[in-house]
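I opened this notebook to record, step by step, what I looked up about confidence and about how the chains meet.

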Amino acid sequence: MFALKSATKRLNSRAFSTNTAANATSFAKKAFTGGVAATGLAASYLLYADGQTAEAMTAAEHGLHPPAYGWSHNGMFDTFDHASIRRGFHVYREVCAACHSLDRVAWRTLVGVSHTNSEVKEMAEAFEYDDEPDDQGNPKKRPGKLADYIPGPYENEQAARAANQGALPPDLSLIVKARHGACDYIFALLTGYPDEPPAGVVLPVGANYNPYFPGGSIAMGRVLFDDLVEYDDGTPASTAQMAKDVTTFLNWAAEPEHDDRKKDGLKAIIVLSSLYLISVWVKKFKWAPIKSRKIVFNPPKK
Amino acid sequence: MASLALRSIARNSLVSRALGSQARLLSSSTLTKKSNYNTPDFGDYIKPNGANEKSRAFTYFMVGSFGLLSTAGAKSTVEAFLQTMSASADVLAMAKVEVKLAAIPEGKNVIVKWQGKPVFIRHRTSEEIAEANAVDISSLRDPQQDADRAKNPEWLVMLGICTHLGCVPIGESGDFGGWFCPCHGSHYDISGRIRKGPAPLNLEVPEYEFADPETLIVG
Amino acid sequence: MVFYNALRNILYKRNSVFVATVFTGAFVFQASFDVGVTKWYEYHNRGKLWKDIKPRILAGGDGAEDEDEEDDE
């Protein structure tokens, strides 16, 4: 009798528990449906509310996106064109260096990249650097050495601003890394000055119009004109050629490790992918006995 | 290891096939022999006869290449870390000083800064060279031939730091016609060797070389 | 079969020999791999590298006519 009772109880409790389980499932379903509906409604509302306000920045204020140019160092395993770096330095020296500094590039880094040792030494010696004071404590000057950094055109930021109507020409050492669009942007900016600003564009005094510059109004005027410099390798110095060369040079200045980096990357890819493939094989080999084992159960005969 | 396991399975299954389904062999121990375990048929996994040596060679080749590539990778990683401890390019570029010798007339001293230390360069006259060579080495506190101190006898290059307490000696003075340290009165001769006073050693000669007859590179 | 047996007896019968082979192999591999990759890399980028333009510069930079610059457009 007692046994029967307890059995019924157990049965009941089981029935009860099944019931709650069913309840729980239906609740979860409802909660899920409700959640989806709420999310959908919230998203719709946010989209609608977003459409009610106007975007403050127009495309023109962001600046025109530069086209993607086919740089000779674009590819995964492509180095810089060093002849282009050499011409680009020429352009920097003769054109850009009038306003822009190149603080983070030392003369010595050019050696074996675009210039020979004696060429760079000669260029460095043309500049004067502060030396140790003499015995009387008077400041002295000395000619530049390979270890010196390329000097900028201005003593300090104030002097730079004063000479450029309040605008500060940015340092060009890392400019390619510091701008969206990198090389493409620099090239587009240098070559993108129209003869006249489009109708309706009002520019502040002393500003120039360039569609690639965010806001369109840039303090730097167009500087590159055909045959502005004369390349020592005889390449015709068109505006586009100079812009391309100087951009390549600036990209090198920003990423002097570029060529070695791509070579190391190639090595890493080869070694690591082979290691991966071999490790897959070794894993399969080690697991073979475990994966191919068979467990047989023969019920004992009575 | 695993290849051995495979091999034992292979052998066992051959035996088991030979003995039919009655064989109860996975190992040769008597305990398992007594068990009623029926070894299943592993025929599908067994390599055809004779392929063992070849497959083992391949296995060792794969495992060996795995180790080889890992070793090479580990080696370059360690090397990369060690390389961070060596001098960087800008330090190396500053570590040498170039001196144009044409600007130094005979019988004159020039002091250049090298790694923050003064370096004495003297263009010695032939009398001075003769004088430096005439000294009896055995009488010196720190015996050294003049030829050991100057690669080119015309040019004496040494660190201008008194070996006593690190003052900078004064040139063309002292009792021996060389350098004199005003701090505690050490006298150095025309080869920079200590002759009198408290200093224990000769003036130190830094590493230097003549890139060409007109250019001296210290460092 | 004979070849594989010989291989086993020489190379991996003793673990010490096998491991030593792997380690020395790693050194040899690293050096030769470096040379190989550099060779390919320089072949892939021939004409653009410093070592390609250096002789022209040392010769006096007279390579006016044989300049083959690709344009950016």
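The entries below go from confidence in one chain to the interface.

**Entry 1, confidence.** I began by reminding myself that this is a predicted model, and I then looked up how confident the predictor is in chain A, where the mean pLDDT is 87 and 92% of the residues reach 70 or more. I next asked where in chain A confidence is lowest and where it is highest. Helix α1 (residues 2-52) of chain A has the lowest confidence, with a mean of 73, while helix α8 (residues 239-254) of chain A has the highest, at 95. For residues 1-17 of chain A I found a pLDDT below 50, and this stretch makes 0 contacts in the model beyond near neighbours in sequence. I noted a caution for myself, that predicted coordinates should not be read in detail where pLDDT is low.

**Entry 2, the interface.** I turned to the two chains together and found 23 residues of chain B in contact with 18 residues of chain A. Between them, chain B and chain A bury about 2,100 Å², and 72% of this is on carbon and sulfur atoms. I looked for salt bridges between chain B and chain A and the count was 0, whereas 1 residue pair is in polar contact across the interface, with both residues at pLDDT 80 or more.

**Entry 3, the side of chain B.** Which helices of chain B each supply at least two residues of the side that touches chain A? I wrote down α1 (2-19), α3 (52-83) and α4 (89-94) of chain B, and α3(B) gives the most, with 8 residues. Sorting the residues on this side of chain B, I recorded 13 nonpolar, 6 polar and 4 charged.

Definitions and conventions: Residues numbered from 1 in each chain as written. Chains lettered and ligands numbered in written order. Predicted model: local features only at pLDDT ≥ 70, side-chain atom pairs only at ≥ 80, totals over all residues. Heavy atoms only, no water. pLDDT = per-residue confidence, 0-100. Helix = DSSP H or I, 4+ residues; strand = E, 2+ residues; numbered from the N terminus. Contact = heavy atoms within 4.5 Å. Buried area = accessible area lost by both parts, 1.4 Å probe. Salt bridge = Lys/Arg side-chain N within 4 Å of Asp/Glu carboxyl O. Polar contact = N/O pair within 3.5 Å; in protein donor to acceptor, adjacent residues only side chain to side chain. Nonpolar A, V, L, I, M, F, W, Y, C, P; charged D, E, K, R; others polar.
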